[in-house]
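Let's take a friendly walk through this structure together, one spot at a time. Keep the viewer open and follow along as each residue comes up.

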Amino acid sequence: MDRRAAGPTGFWTQALYTTLNSLLYTLSLGRFLWLEGRRSGRCWHNWAHGQRHVVEPCLLPRTEQEIVQTVRSRPKLRVVGSGHSFNSGVIGQATLSLDEYTGIVSLDETQKRVRVRAGTRIREVNRLLHAHGLALIALPSHDAQSLAGILSTDVHGTGREVGFVSQSVVGLRIVDARGEIHEVQPEDELYQAAIGGIGGAGIIIEATLQCVDAFHIRQRSLRLERSRAQAEMMDILAEHDHASLYVFPFAKHVQLHTWDRTEEERSRLAWLREYAMITFAALSAAWLGDFLAWCKLLPKLSDQVLRTQKNTSLVMQSFAGFNRTIYHLHQELELAVPIERTWEATDHLLHLYETMYREQRMPFTLIELRFTPAGHGRSLLSPGAGDQRHVYLNLVCNQSPGFEAYFAAAEEYMRTLEAKPHLGKWCASWTHNDLSRVHGERYERFTRLRREHDPEARFSNAFTERILGPVQADKDTIFEPWSCRNLSFKNRIIRSSVGGRFDNYDGTGTHARLNWEERFAKNGVGAIISAFCAVTAQGVHMPNFATIEDDDRIPFWREVGRRVQAHDGCRFILQLHHCGRQRDLGGVRNTAPKAPSSTSRPDPLNGFPARAMSRTEIQEVAQAFVEGARRAREAGLDGVEIHAANGYLLSQFLSAAINDRSDEYGGTVANRARMLLEIIEGIRTRVGNDWHLQVKLNAEDRNNAIFPWLAGGNSIEAAISIAKLAVRAGADAIHLSCGSSFPHPHNPPGPMPLQLLKSTYDSLISEGHRTFANYALLHFRPTRWLYGKIWSRTQSPDFEGSLAPLAARMKQALDVPVIITGGFQRASLIRSVIEAGMADAVSIARPFVANPDLVRWFEKGWDVPERPCTFCNRCLANMIEHPMGCYEPLRFNGDRERMIEEVVSVYRPLPW
């Protein structure tokens with residue numbers, strides 16, 4: 001997920017974070033920096049705490065061989081450095097950190113060359129080089145970055161002749177996605193793809209640095225009028241080895257910073273004076289800057305505050321002068337344009353900020369201008385690559401509300417200048433199409449090398465898929481049309497049966513349900529399966545779900561179908577449902593003391609009471625399914641799905657672990673399937689054979705996943721037998737799921753949010769014999785921990801696509817299409833399942849709740865969206881009492897208001 005998905009902190013928070021960072025750094029005598037990327041438990045955050053991600057597993061190899069083995073053993077992998085980044089480029093299914101792969105490999109004092117492991121932080125590189133009387137000729141502004149991170153983003157300083165750290169790198173050692181090691185030099189294409197390629201073509205594990213004798217620099221900071229800086233800029237750059245400018249909105253003055261090599265001795269107490277200056281600058285930006293911005297005082301006081309800044313001049317060791325450690329909490333968007341357009345771009349960005357400032361609250365902001373030399377040929381995708389000199393415009397905004405809007409507007413404007421983005425910075429809206437346009441032939445070379453060295457997209461994640469482009473060829477299996485006997489689909493993605501309590505208590509539909517279904521259709525999904533459409537009032541598992549129990553429901557479902565089908569032929573399939581004993585909340589329309597089922601035994605998890613249905617009742621419910629199908633066809637819908645999975649009524653008949661009848665509806669597979677077959681045959685008789693009908697079945701019941709002493713239920717062999725009978729009776733497709741109850745440890749897969757469930761499960765206390773005991777277990781921490789262990793004891797962390805091998809067996813046995821569910825979210829996995837012939841299509845629920853536009857991300861070449869579903873199951877736990885939606889705080893960086901706004905958006909637009 002990009003930083004865009006993680007909302008800003010408030011004014012006080014960013015100021016206090018900056019203060020705490022400065023205080024801890026001081027008290028530790030420079031040994032601890034709080035604002036630095038690191039892993040804490042299962043969560044990794046970047047230096048600004050704006051990117052927070054669950055990163056388990058986080059791998060810490062210590063040797064080259066361990067790195068190679070890790071690369072070869074992981075289907076997806078990204079590398080994290082110091083976290084001095086502003087986007088989600090480092091996040092992958094597995095995260096490899098080079099923090100333990102550090103130090104000098106070899107040193108040639110004659111040639112002044114040193115070979116360094118790439119996990120080494122720049123501050124440590126400086127210390128090691130200084131011990132040998134050596135230094136790098138140019139450095140970045142922050143010393144916490146790792147060497148690999150600096151080179152992978154082609155970090156720059158500012159300079160007349162030397163502006164990039166990579167200019168000191170004469171050799172790289174790279175591990176590609178096959179685990180092969182490459183030794184490359186600046187003239188090699190792979191070297192140029194690695195520098196600035198954000199790990200897309202390989203992992204930089206070692207770098208050979210060309211050093212110089214240690215030297216001193218004179219660092220100056222002075223204030224001058226902006227008009228003078230603009231007029232004399234080229235003269236200033238020619239006069240100094242290195243120069244940069246700080247430009248402020250509403251100010252007539254700028255700050256000029258210069259660095260020049262000198263033979264002078266170091267200034268007295270230079271380190272202390274430098275520390276005092278950078279600490280004061282950080283605290284001033286955090287406190288005074290945002291205070292003035294929020295009080296709307298910047299237009300009046302910007303220049304007055306700048307006049308209080310004293311000019312400074314210090315002679316320091318080179319690395320101490322180039323680098324700094326203390327920063328205020330901020331975000332950065334950085335882009336490069338030819339140096340001739342410096343003031344055109346700067347003036348417009350200032351005007352843009354000043355205009356937005358007058359209309360809304362904006363954080364304190366400055367624009368840093370840094371200059372790089374022409375002829376940078378060591379990188380294919382560096383913003384400064386090419387024959388021209390460039391200026392980097394770095395927009396530095398306090399991490400307070402408003403910066404996101406400014407960055408979005410700035411990115412839009414900079415596109416008009418053909419600006420090139422720095423891929424280690426914000427980059428919220430840039431895509432591979434932008435890179436292709438501004439880098440041209442260099443981008444094409446990079447793409448070729450990336451496909452050569454990472455053909456299976458092992459180093460790809462959502463960010464790289466967007467910014468670098470997909471690794472796969474243009475033909476995409478996901479978007480190939482496919483057909484069943486009576487229905488065709490435009491792509492292989494189906495929105496599975498997921499929905500919330502959006503409708504009226506009596507089972508009539510509402511505008512919220514219309515909005516809910518249409519939001520997926522307009523975002524490119526191939527088909528939508530409705531959620532839990534009960535065929536009778538007694539079949540409702542929970543109130544406020546629209547039903548198909550009567551003819552007066554037809555107009556509503558006709559409108560649902562019309563809206564869905566209007567979006568490029570998206571199909572709408574009504575799921576015909578009866579809950580049986582799995583009645584979570586009966587409601588006033590479903591008050592029978594015991595729910596109808598195949599058995600009189602209560603369900604083992606909640607103790608929902610049940611009674612075995614009579615033959616007459618079975619026939620009546622079967623006929624209700626038939627009439628539901630007839631109403632769906634009259635409503636103009638594209639087909640129906642008979643819900644015979646997940647522990648609901650028909651699943652209760654099909655399951656060998658639940659069905660204990662001794663009549664013609666129990667015993668053998670054929671008998672247990674009798675009710676389902678009668679429904680299918682009845683529908684075919686009532687509506688004909690030229691209309692789509694599919695059946696949702698369990699591939700396996702896994703009835704003993706929670707309680708090991710219970711029978712396991714149907715196996716895949718039994719499921720195949722049932723599917724064959726269903727196809728023979730008239731089913732056009734089989735939709736595979738698993739689990740003899742819902743929820744179930746394997747459906748939906750992922751952790752159960754027990755802490756949250758404690759606050760919503762109370763609604764179920766009166767519904768079952770065991771619900772109060774469950775609530776008590778959830779209420780106390782020790783028993784809640786035990787409950788979680790029992791629930792998760794058979795779960796696998798690699799659950800995405802876990803049903804694919806069972807679906808493959810089902811598909812081999814049938815001559816109709818097979819649809820598979822099971823936590824799918826990665827486009828690459830969906831492609832592989834379909835291309836391997838395991839299934840014809842996949843159905844997706846929770847990832848669509850998180851990202852209704854999931855298909856659009858796939859269309860753009862992304863493997864997963866920017867803010868992917870974390871499979872936390874908070875949507876499920878909240879659905880009992882709250883609207884269906886994504887309640888994962890990590891996807892909103894803890895911004896609850898933003899999260900709730902997204903959840904309740906389903907109620908808009910209003911029908912009046």
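A good place to begin is a pairing of charge and ring: K860 lies over the face of W857, 3.7 Å from the centre of the ring. Please keep in mind that you are looking at a predicted model. A second case of this kind involves R117, whose charged end sits over the ring of Y101 at 5.5 Å from the ring centre.

From rings with charges, let's turn to rings with rings. A search of the whole structure turns up 23 aromatic pairs. One of them is formed by F403 and W426, which meet edge-to-face, with 5.3 Å from centre to centre and 80° between the planes. F403 belongs to helix α11 (residues 403-416), while W426 sits in the loop between β21 (420-421) and α12 (432-439), so this pair ties together parts that are 23 residues apart in sequence. Are these two partners buried or exposed? F403 is buried, with a relative accessible area of 0%, and W426 also counts as buried, at 3% relative accessibility. If you widen the view, you will find F403 and W426 in one aromatic cluster together with F250, Y353, Y357, Y406 and F407.

F250 deserves a stop of its own. This member of the cluster lies in the loop between β15 (242-247) and β16 (253-262), and F250 is buried, with a relative accessible area of 14%. What is the sign of phi at F250? Phi is positive there, near 65°, in a residue other than glycine. Most residues other than glycine have a negative phi, and most peptide bonds are trans. N646 gives you another example, with a positive phi near 65°. Look for N646 in the loop between β30 (639-644) and α18 (649-654), where N646 is buried at a relative accessible area of 3%.

For peptide bonds, go to the loop between β32 (733-737) and α22 (754-760), where you will find P743. The bond from F742 to P743 is cis, with omega near 0°. P748 is found in the loop between β32 and α22 too, and a cis peptide bond joins N747 and P748, with omega about -5°.

Now follow strand β16 to D260. D260 counts as buried, at 12% relative accessibility. A polar atom of the D260 side chain lies 2.8 Å from the backbone nitrogen of D241. Setting aside residues up to four places away in sequence, D260 touches H216, I217, R218, R220, E239, H240 and D241.

Another aspartate, D290, makes an interesting stop. You will find D290 in helix α7 (residues 270-294). What is the nearest side chain of opposite charge to D290? That side chain is R361, 9.7 Å away, and D290 is buried yet has no salt bridge. D290 does have polar partners: its side chain makes a polar contact of 3.1 Å with the side chain of Q14 and one of 3.2 Å with the side chain of N398. Beyond its neighbours within four places in sequence, D290 is in contact with F11, Q14, A285, P363, F364, N398 and S400.

Next, strand β27 (residues 571-577) holds L576. At 0% relative accessibility, L576 counts as buried. What surrounds L576? Not counting residues up to four places away in sequence, L576 touches C533, V535, I548, F625, G628, A629, V640, E641, I642, H643 and I683. L576 and A531 are 45 residues apart in sequence, with 8.7 Å between their C-alpha atoms.

Our last stop is helix α26 (residues 827-835). How many of the nine residues of α26 are buried? Seven of them are, so to speak of this helix as mostly covered is fair. The buried residues of α26 are A827, S828, L829, I830, R831, V833 and I834. What covers these residues includes β24 (493-495), α25 (804-813), β34 (841-844) and α28 (854-859). Just after α26, G837 takes a positive phi of about 75°.

Conventions: Residues are numbered from 1 along each chain as its sequence is written. This is a predicted model: local features need pLDDT of at least 70, side-chain atom pairs count only at pLDDT 80 or more; totals for chains, interfaces and linings use all residues. Side-chain values use heavy atoms; hydrogens and water are left out. Helices (H or I, at least four residues) and strands (E, at least two) are DSSP runs, numbered from the N terminus. Buried means under 20% relative accessible area, exposed over 50%, partly exposed in between (1.4 Å probe, protein chains only). Lys and Arg count as positive and Asp and Glu as negative; His and the chain ends are not counted. A salt bridge is a side-chain nitrogen of Lys or Arg within 4 Å of a carboxyl oxygen of Asp or Glu. A polar contact is a pair of N or O atoms within 3.5 Å; within protein, one must be able to donate a hydrogen and the other to accept it, and residues adjacent in sequence count only if both atoms are side-chain atoms. Contact means heavy atoms within 4.5 Å. Rings of Phe, Tyr and Trp (its six-membered ring) pair if their centres lie within 6.5 Å; planes under 30 degrees apart count as stacked, over 60 as edge-to-face and the rest as tilted. A charge sits over a ring if NZ of Lys or CZ of Arg is within 6 Å of the ring centre and within 35 degrees of the ring normal.
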